[in-house]
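Biologist: I'm new to this one, so could you show it to me before we talk?

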Amino acid sequence: MLERFLEQTTFESQEDFKKNFKIKVPENFNYGYDVVDVWAEKEPQKKALCWTNDQGDHRDFTFAEIKEYTDKTASYFQSLGIGRGDMVMLILKRRYEFWYSIIALHKLGAVVIPATHLLTKKDIVYRANAAGIKMIVTAGEEVILNHIKDAMPESPTVKSLVSVGPVISEGFDDFHKGIEHAAPFVRPENVNTNEDTSLMYFTSGTSGEPKMVIHDFLYPLGHITTGSFWHNLNEDSLHLTIADTGWGKAVWGKLYGQWIAGATVFVYDHEKFTPADMLRMIQDYRITSLCAPPTIFRFLIREDVTKYDLSSLKYCTIAGEALNPAVFDAFYKLTGIKLMEGFGQTETTLTICTFPWTTPKPGSMGLPNPQYNVDLLRPDGTKAEDGEQGQIVIRIDKKPIGLFKEYYRDPERTYEAMHDGIYYTGDVAWRDEDGYFWFVGRADDVIKSSGYRIGPFEVESALMTHSAVVECAVTGVPDEVRGQIVKATIILSKEYKDKAGDELVKEIQDHVKQVTAPYKYPRIIEFVDELPKTISGKIRRVEIRSQDDKK
């Protein structure tokens, strides 16, 4: 499959990759027809999806079956009036019907809007009206169905509601009956151009309503790098990315690049993350490749890994937030596997990462993906030197494959992020003499104290080397003298929970002073049972700052 889209498919070094990586762009590319259906024709019995859940159910799907079911789903959606350019929201958690639906919508030239099951009535009303959503396909759970029903009187563009079960509530069509009785699918005459919109994500910023990030039909090709050269997958791989389908990381790790590489996607449909269960999945299913955010790995390394046979696991990647070196070191000692970091956004594909042919530096994001022209800029717009902090930007004289089109219906926000041939990521980093990038923080998370610029990540990494700290978030608190002071919000390990108090605060502060520059130490420490997070597992420092402002 790779040779269909790349002039050169194997690389020996970063220089080789930078010089020779080139995507061959088909005319009117459509992932459903040009990847899924091609696999179904070429190797119909090849396993595409291995799905199981926490109730003990299990199903395998070959590419021939994925084609069959996605064609039936496309025909069913056509019968409901869905076609090119129509907006359809999918609230499907980790149900296998997500794969049926997203591929079917691609085959129709429609726009897919993956969404989290945690949306309330207010969230659904906002999304339906902001995007002009025509249909919602959802997991059939009472709480989700009720939120959707409550939102309908204020959502006039929504014409169809579909439930995949187990509950089929009044007003919702039955997905499985629909595809069972669907007419034979006939491919539409004009499905899409490369520039048409195929995918939209609502992504929350630090203020205002969520932004609507839209991608074109070439976006899946941008994930060739993700699947083949970051996850390091091949046709024998069984890959697990731990992500809900409402999060952009799902198409990063559970669909596009993985199937182009010919890997089998493993899905564990679970309600609550339990580290022991995930280790058991790796053992029982012989998973070869794992990708997860740092939060997951922080909890995995706290388990007794020796109880599990993880010998099948060959490669692990990590993204979502910057990786603390202490987590890298602990996982390597336990498994012998080096975590390969990656950085990207909902607006991009993989932008910076550690590739298989490069040596990981614990705590570093890695090297730029040559798919993008990545740079670091000072606040005045000049290039940052090695060792100097700057905002990560992508130069876009020509739009690279994988970069978003715009923020839908929001030209002001689009211009703010993307103008004069540059896309501004809003993330701050520095680059070492070997070209590796090191994350500092979001531009609005950087703490300015007594003239120093302090990145939350460097303080968090220092904190993580103390045995009491399971997870932490560092934020700035206003201070009359210093402008801001550093605050650490910390989850303690079981062994230290009873020791929370002034003595432990002092111990942790002294520890940070020893590990990093003393001026960075947290002058305020708060112990908590949990940290506010997004569905993707990212810590919401903005929420911590907001709570502090109210105190």
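Modeller: What follows is a short talk about two pairs of packed helices. This is a predicted model, in which local features need pLDDT of at least 70, side-chain atom pairs count only at pLDDT 80 or more, and totals for chains, interfaces and linings use all residues. Residues are numbered from 1 along each chain as its sequence is written, and side-chain values use heavy atoms, with hydrogens and water left out.

Biologist: At what angle do α6 and α7 pack?

Modeller: Helix α6, residues 121-131, packs against helix α7, residues 142-151, at about 55 degrees, and their axes are 8 Å apart. Helices here are DSSP runs (H or I, at least four residues), numbered from the N terminus, and axes are lines fitted to C-alpha atoms over the stretch in contact, with angles from 0 to 180 degrees between N-to-C directions.

Biologist: And how are they oriented to each other?

Modeller: α6 and α7 are therefore oblique to each other, meaning outside the ranges under 35, 65 to 115 and over 145 degrees.

Biologist: Which residues meet there?

Modeller: From α6, Lys121, Ile124 and Val125 meet His147, Ile148, Asp150 and Ala151 of α7, where contact means heavy atoms within 4.5 Å.

Biologist: Switching to α3 and α4, at what angle do they cross?

Modeller: Helix α3 (residues 31-42) and helix α4 (residues 63-79) cross at roughly 130 degrees, and their axes come within 8 Å. α3 and α4 are therefore oblique to each other.

Biologist: Which residues meet in that pair?

Modeller: In α3, Val36, Asp37, Trp39 and Ala40 meet Phe63, Ala64, Ile66 and Lys67 in α4.

Terms used: Helix = DSSP H or I, 4+ residues; strand = E, 2+ residues; numbered from the N terminus.
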